[in-house]
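Q: Please take a close look at one helix and at the aromatic contacts in this structure. Keep it short and give the cut-offs.

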Amino acid sequence: MERQSVSTENTGVIVVDIQADFTELKSGSLAVPGTDAQYIDAVQRSTQQFLQQGFCVYFTQDWHPADHMSFYTNNPGTEPLQVIEIGGRPQVMWPPHCVQGTPGADIIVTVDASAKTVRKGTNSRFDSYSGFADDGGHKTELDNLLRRDSMQKLIIYGLATDYCVKATVLDSLKSEYEVEVALDLCRGVSPETTESAIREMKANGATILGDQ
Ligand code: VGL
Ligand code: ZN
């Protein structure tokens with residue numbers, strides 16, 4: 001399909017948050033619908049193929065301290081998925097997930113060859129859906145890595161379409177990368193927010209592969 005026509009030169013692949021806690025396969029605490037063995041296999045195979053074709057691959061990893069502000073358990077009186085305001089921003093109350101050093105935080109696709117992993121959400125005071133920076137504006141090393149590797153185009157997929165994939169795509173576009181979203185390798189938390197995420201990514205200039 002179209003994906004094969006993309007030149008490996010200057011094109012990076014960003015695999016967003018393929019972690020145990022986000023999957024049904026691993027009975028994760030924040031399992032995204034449709035993240036069964038078949039889905040993880042497809043991500044595994046595609047990612048390995050991209051590497052074999054010579055693309056640079058970057059993994060993002062949600063990596064929260066146990067006292068992270070996005071966990072409903074750290075905000076007394078709140079329930080999972082409730083939206084509250086923190087620091088003037090809406091914040092979804094998530095079940096505890098991807099706690100640093102726990103099995104739930106593991107990236108569950110394995111590739112041979114070199115791929116870089118960028119951790120995010122490491123500051124307990126700020127959430128970070130984007131692989132580039134957290135809600136407080138603190139940058140990760142992702143943009144520096146991509147520039148060091150002379151990347152201009154990005155192929156992005158993973159979890160979840162409506163949160164971390166969307167935020168990473170929008171920040172990529174802001175940083176003037178050309179972006180293709182491999183939608184068949186993405187799954188969303190809810191149908192409504194996934195639909196609007198796709199519209200928003202498109203409206204901001206992303207090419208959506210595998211869209212109807
Ligand atoms: C994510 C909710 C909370 C994601 C991360 O990877 O999309 N969603 N933390
Ligand atoms: Zn998180």
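A: Below come the helix, then the rings.

This is a predicted model: local features need pLDDT of at least 70, side-chain atom pairs count only at pLDDT 80 or more, and totals for chains, interfaces and linings use all residues. Residues are numbered from 1 along each chain as its sequence is written, and side-chain values use heavy atoms, without hydrogens or water.

Helix α1 covers residues 37–52. Helices are DSSP runs of H or I with at least four residues, strands are E runs of at least two, and both are numbered from the N terminus. The expected span is 1.5 Å times one less than the number of residues. For the 16 residues of α1 that gives 22 Å, and the end C-alpha atoms are 22 Å apart, which agrees.

The buried residues of α1 (under 20% relative accessible area, 1.4 Å probe, protein chains only) are Y39, I40, V43, S46, T47, Q48, F50 and L51. They pack against β1 (11–16), β2 (56–62) and β6 (153–158), with contact meaning heavy atoms within 4.5 Å. G54 follows α1, and its phi is positive, near 100 degrees.

F50 also belongs to a cluster, joined with F55 and Y157 by ring pairs. Rings of Phe, Tyr and Trp (its six-membered ring) pair if their centres lie within 6.5 Å; planes under 30 degrees apart are stacked, over 60 edge-to-face, the rest tilted. The whole structure holds 5 aromatic pairs. In one of them, the ring centres of Y129 and Y163 are 5.4 Å apart and the planes stand at 65 degrees, so the pair is edge-to-face. Y129 sits in the loop between β5 (116–120) and α2 (142–148), and Y163 in helix α3 (residues 161–174), 34 residues apart.

Notes:
Chains lettered and ligands numbered in written order. Buried < 20%, exposed > 50% of the residue type's maximum accessible area, 1.4 Å probe, protein only.
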